[in-house]
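Welcome! Let us walk through this structure together, starting with the overall build and then stopping at a few individual places.

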Amino acid sequence: MTTQDDLFHPVIELPEPTRNDRYHRLVGLDDTKLRLRKEAALLADPRRLQQWAAEHHGGDVAALTLFADRAPLFVFAGDVGSGKSALAESFGCDLADFLDLPIYLYRLKLATRGSGMVGEMTSLIGGAFAHMHTVGAKATGPRGVRSVQILVVDEADALVQSREAQQMHHEDRAGVDAFLAGIDSLTGARVPVIVVLCTNRLSALDPALMRRAAATFTFARPDDQQRHTVLTKALDGLGIDTATIGKLTALTGPTTARPGYTFSDLTQRLVPAAVRDAFPDRPVTDEDLLALAEALQPTPVFTEEN
């Protein structure tokens with residue numbers, strides 16, 4: 001018998017300190033965060049949209065009916081290290097504060113692909129959506145929404161690859177059908193469940209899935225302003241000169257020979273490497289950072305080959 005532990009990683013109630021910190025460390029994504037908060041709130045608690053219409057438009061608004069048929073599905077697409085998975089697993093902290101409700105984070109295990117036995121993948125995916133529908137139904141009542149469930153599917157292209165791919169196995173096609181059926185079961189059900197798919201390969205996702213998505217968020221490598229903001233915050237307290245941060249911003253940008261640094265290149269490689277090299281005998285210096293920025297190679301752009 002399939003259990004919750006077979007389908008999901010341990011469920012986390014948000015806001016939670018580690019993920020809340022991760023959310024706030026994702027600087028340079030303010031516009032994305034604001035749009036995500038609004039989109040998620042509209043899907044999670046439709047009553048708020050009705051309240052808005054009553055307050056600002058005096059009652060019935062025809063446009064509200066359009067929201068009833070939207071699938072509670074977001075697609076996060078972008079290169080490795082662009083922040084999509086980190087945001088997918090942490091935006092519930094912000095949503096919890098905005099809605100003043102507990103948010104429960106579910107993360108689907110890739111094991112739901114099964115071992116290849118006929119019908120296994122379909123059964124596992126169906127079980128996952130059935131569980132989300134059940135917990136979502138329990139989170140609603142006469143007084144409205146009591147909590148919101150967010151289901152994150154990382155490396156989604158491994159699960160819902162386009163059925164147009166000629167080399168696709170029959171079992172994989174059946175799995176995509178099951179996933180689409182699961183999304184359809186949530187659409188219009190008015191249960192506070194939001195599904196977030198993360199992928200490095202947006203073009204690989206099944207077109208029928210993309211048509212269902214309420215919103216697609218594209219994550220690019222940080223531009224000059226974003227890199228400057230990330231570096232300024234990450235280097236706070238180290239006594240690094242403002243002019244040096246400007247030089248680092250330029251050094252970590254794209255060139256004709258390579259792409260620019262990703263968010264994670266800056267926060268998980270460059271700055272930590274400078275601290276590591278200085279520890280435990282001396283302080284981090286401007287020269288350390290400049291030398292590392294010239295020496296480190298940014299994460300390659302994701303392609304089918306790599």
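The chain has 14 helices and 8 strands, where helices (H or I, at least four residues) and strands (E, at least two) are DSSP runs numbered from the N terminus. Its radius of gyration is 22 Å, close to the 19 Å that the globule rule gives for 306 residues, so the chain is as compact as a globular protein of that length. That radius is taken over C-alpha atoms, and the rule is 2.2 Å times the number of residues to the power 0.38. Please keep in mind that this is a predicted model, in which local features need pLDDT of at least 70 and side-chain atom pairs count only at pLDDT 80 or more, while totals for chains, interfaces and linings use all residues. Residues are numbered from 1 along each chain as its sequence is written, and side-chain values use heavy atoms, with hydrogens and water left out.

Turn the model around and you will find that the C-alpha trace spans about 60 × 55 × 35 Å along its principal axes. Of the 306 residues, 47% count as buried; buried means under 20% relative accessible area, exposed over 50%, and partly exposed in between, with a 1.4 Å probe and protein chains only. Contact means heavy atoms within 4.5 Å. Among contacts between residues at least 6 apart in sequence, 79% join residues at least 24 apart.

Now for a helix in the interior. Helix α7 covers residues 91-99, and 7 of its 9 residues are buried, so this helix is largely enclosed by the rest of the structure. The buried ones are F91, G92, C93, D94, L95, A96 and L99. Just after α7 comes D100, whose phi is positive, near 55 degrees.

C93 deserves a second look, as its relative accessibility is 0%. Which cysteine sulfur is closest to that of C93? The closest is in C198, 15 Å away, too far for a bond. C198 is buried as well, with a relative accessible area of 0%. The structure holds 0 disulfides, a disulfide being a pair of cysteine sulfur atoms within 2.5 Å.

Two other helices each offer a buried residue to find. A208 sits in helix α10 (residues 207-212) and is buried, with a relative accessible area of 6%. Leaving aside neighbours within four places in sequence, A208 is in contact with R163 and L180. L124 belongs to helix α8 (residues 120-138) and counts as buried at 11% relative accessibility.

The loops hold some details of the backbone. Most residues other than glycine have a negative phi, and most peptide bonds are trans. A cis peptide bond, with omega about 0 degrees, joins L14 and P15, and P15 is in the loop between β1 (12-14) and α2 (17-25). Another cis bond joins F279 and P280, again with omega about 0 degrees; P280 is in the loop between α13 (263-278) and α14 (286-295).

Positive phi values appear in loops too. E155 has a phi of about 50 degrees although it is not a glycine. This residue lies in the loop between β6 (148-153) and α9 (170-186), and at 46% relative accessibility E155 counts as partly exposed. R190 has a phi near 55 degrees and is found in the loop between α9 and β7 (193-199). Is R190 buried or exposed? R190 is exposed, with a relative accessible area of 53%.
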